[in-house]
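Work through the exercises below with the structure open beside the text. Each task is followed by a worked solution.

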Amino acid sequence: MALTPFFFGGDQSIFDPLDRFFEPSADRFTLWDNAPSRRFAQDVSAIASTRVDWVETPEAHIFKADLPGLKKEEVKVQVEDGRTLQISGERKKEEVEKTDKWHRVERTQGSFLRRFRLPENAKLEEVKAKVEDGVLTVTVPKIEKPKSEVKAIEISG
């Protein structure tokens, strides 16, 4: 079974940098760093790499996401479809002057989206979110369990 190359427009495939990597005169590091597949992977990683911690305490479910460089206006937190917590936003591309000469671009850019199915004990009407020092904290309080009451039943007869 032959692999069909994934094309990035024109006739350039994801395999081109790898093919050129093995040419006798190839500058292997420059070829790989400038590969279209690498740039594509960086854009995709912006979507997938937003790391989120979820901890459950006796009082709440707490979500923490690292969002360095983002303002609160660039982040959206919402509960949808009843029990799905959605955290999304976009890291914009920096404006580039035509006279600037970039040597390396490693910071990710693009949209990100993370979804979490909240458990039944989540108090959805009291969800709170805040951003501080590049960390988004979403607190979802838990519904208090009703204390079980013991009711004595009189036995007849």
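The exercises cover confidence, sheet pairing, the nonpolar core and aromatic contacts.

**Exercise 1. Confidence**

Task: Decide which parts of this predicted model can be read in detail.

Solution:
- Step 1. Start with the whole chain: its mean pLDDT is 77, and 69% of the residues reach 70 or more.
- Step 2. Go on to the elements. Strand β7 (residues 135–141) has the highest mean pLDDT, 97, and helix α2 (residues 28–33) has the lowest, 47.
- Step 3. Locate the weak stretches. Over residues 26–34 pLDDT stays under 50, and the model has 15 contacts beyond four places in sequence for them. Residues 37–43 also stay under 50, with 12 such contacts.
- Step 4. Draw the conclusion. Predicted coordinates should not be read in detail where pLDDT is low.

**Exercise 2. The open sheet**

Task: Give the strand order of the open sheet and find its edges.

Solution:
- Step 1. The open sheet has 3 strands in the order β3-β4-β5, and their pairing is antiparallel.
- Step 2. β3 (75–80) and β5 (110–117) each have a single partner strand, so both stand at the edges with one side lacking a neighbour in the sheet.
- Step 3. From one strand to the next, the twist averages 15°.
- Step 4. Count the bridges. β3 and β4 are joined by 6, while β4 (residues 84–91) pairs with β5 over 8.
- Step 5. Check the register with one residue pair on each side. Val75 has Gly89 in β4 as its bridge partner, and Thr84 is partnered by Arg117 in β5.
- Step 6. Look at the connection. β3 and β4 make a hairpin with 3 residues between them, and Asp81 in this turn has a positive phi of about 50°.

**Exercise 3. Two residues of β4**

Task: Classify Ser88 and Gly89 as buried or exposed, then list their contacts, leaving aside neighbours within four places in sequence.

Solution:
- Step 1. Place the residues: Ser88 lies in strand β4, and so does Gly89.
- Step 2. Apply the cut-off for buried, which is under 20% relative accessible area. Ser88 has 13% relative accessibility and therefore counts as buried. Gly89, at 17%, counts as buried too.
- Step 3. List the contacts. Ser88 touches Glu74, Val75, Lys76, Phe112 and Leu113. Gly89 touches Glu74, Val75, Gly110, Ser111 and Phe112.
- Step 4. Add a C-alpha to C-alpha distance: Gly89 is 8.7 Å from Leu70, and the two are 19 residues apart in sequence.

**Exercise 4. β1, β2 and β7**

Task: Trace the pairing from β1 to β2 and from β2 to β7.

Solution:
- Step 1. Strand β1 (residues 52–56) runs antiparallel to β2, and 5 bridges join them. Asp53 stands opposite Lys64 in β2.
- Step 2. The link between β1 and β2 is a hairpin through 3 residues.
- Step 3. β2 is also antiparallel to β7, with 7 bridges. The bridge partner of His61 is Val140 in β7.

**Exercise 5. The nonpolar core**

Task: Work out which elements supply the largest nonpolar core.

Solution:
- Step 1. This core has 15 residues, and those with the most contacts inside it are Phe63, Leu67, Leu85, Ile87, Leu136 and Val138.
- Step 2. Two or more residues come from each of β2 (60–66), β4, β5 and β7.
- Step 3. The largest share, 3 residues, is given by β7.
- Step 4. Take Val138 as an example. Beyond four places in sequence, its contacts include Phe63, Val77, Leu85, Ile87 and Val127.

**Exercise 6. Aromatic pairs**

Task: Describe the aromatic pairs that involve Trp54.

Solution:
- Step 1. The whole structure contains 3 aromatic pairs.
- Step 2. One of them is Trp54 with Phe63, a tilted pair at 4.7 Å centre to centre with 35° between the planes.
- Step 3. Trp54 also pairs with Phe116, edge-to-face, at 6.0 Å centre to centre and 80° between the planes.
- Step 4. Trp54 lies in strand β1 and Phe116 in strand β5, so this pair ties together parts that are 62 residues apart in sequence.
- Step 5. Compare exposure. Trp54 is partly exposed at 38% relative accessibility, whereas Phe63 is buried at 1% and Phe116 is buried at 11%.
- Step 6. Put the pairs together: Trp54, Phe63 and Phe116 form one aromatic cluster.

Terms used:
Residues are numbered from 1 along each chain as its sequence is written. This is a predicted model: local features need pLDDT of at least 70, side-chain atom pairs count only at pLDDT 80 or more; totals for chains, interfaces and linings use all residues. Side-chain values use heavy atoms; hydrogens and water are left out. Two strands pair if DSSP finds at least two bridges between them. Helices (H or I, at least four residues) and strands (E, at least two) are DSSP runs, numbered from the N terminus. Axes are lines fitted to C-alpha atoms, for helices over the stretch in contact, and angles run from 0 to 180 degrees between N-to-C directions. pLDDT is the predictor's confidence in each residue, from 0 to 100. Contact means heavy atoms within 4.5 Å. A nonpolar core is a set of buried Ala, Val, Leu, Ile, Met, Phe, Trp, Tyr and Cys residues joined through side-chain atoms within 4.5 Å. Buried means under 20% relative accessible area, exposed over 50%, partly exposed in between (1.4 Å probe, protein chains only). Rings of Phe, Tyr and Trp (its six-membered ring) pair if their centres lie within 6.5 Å; planes under 30 degrees apart count as stacked, over 60 as edge-to-face and the rest as tilted.
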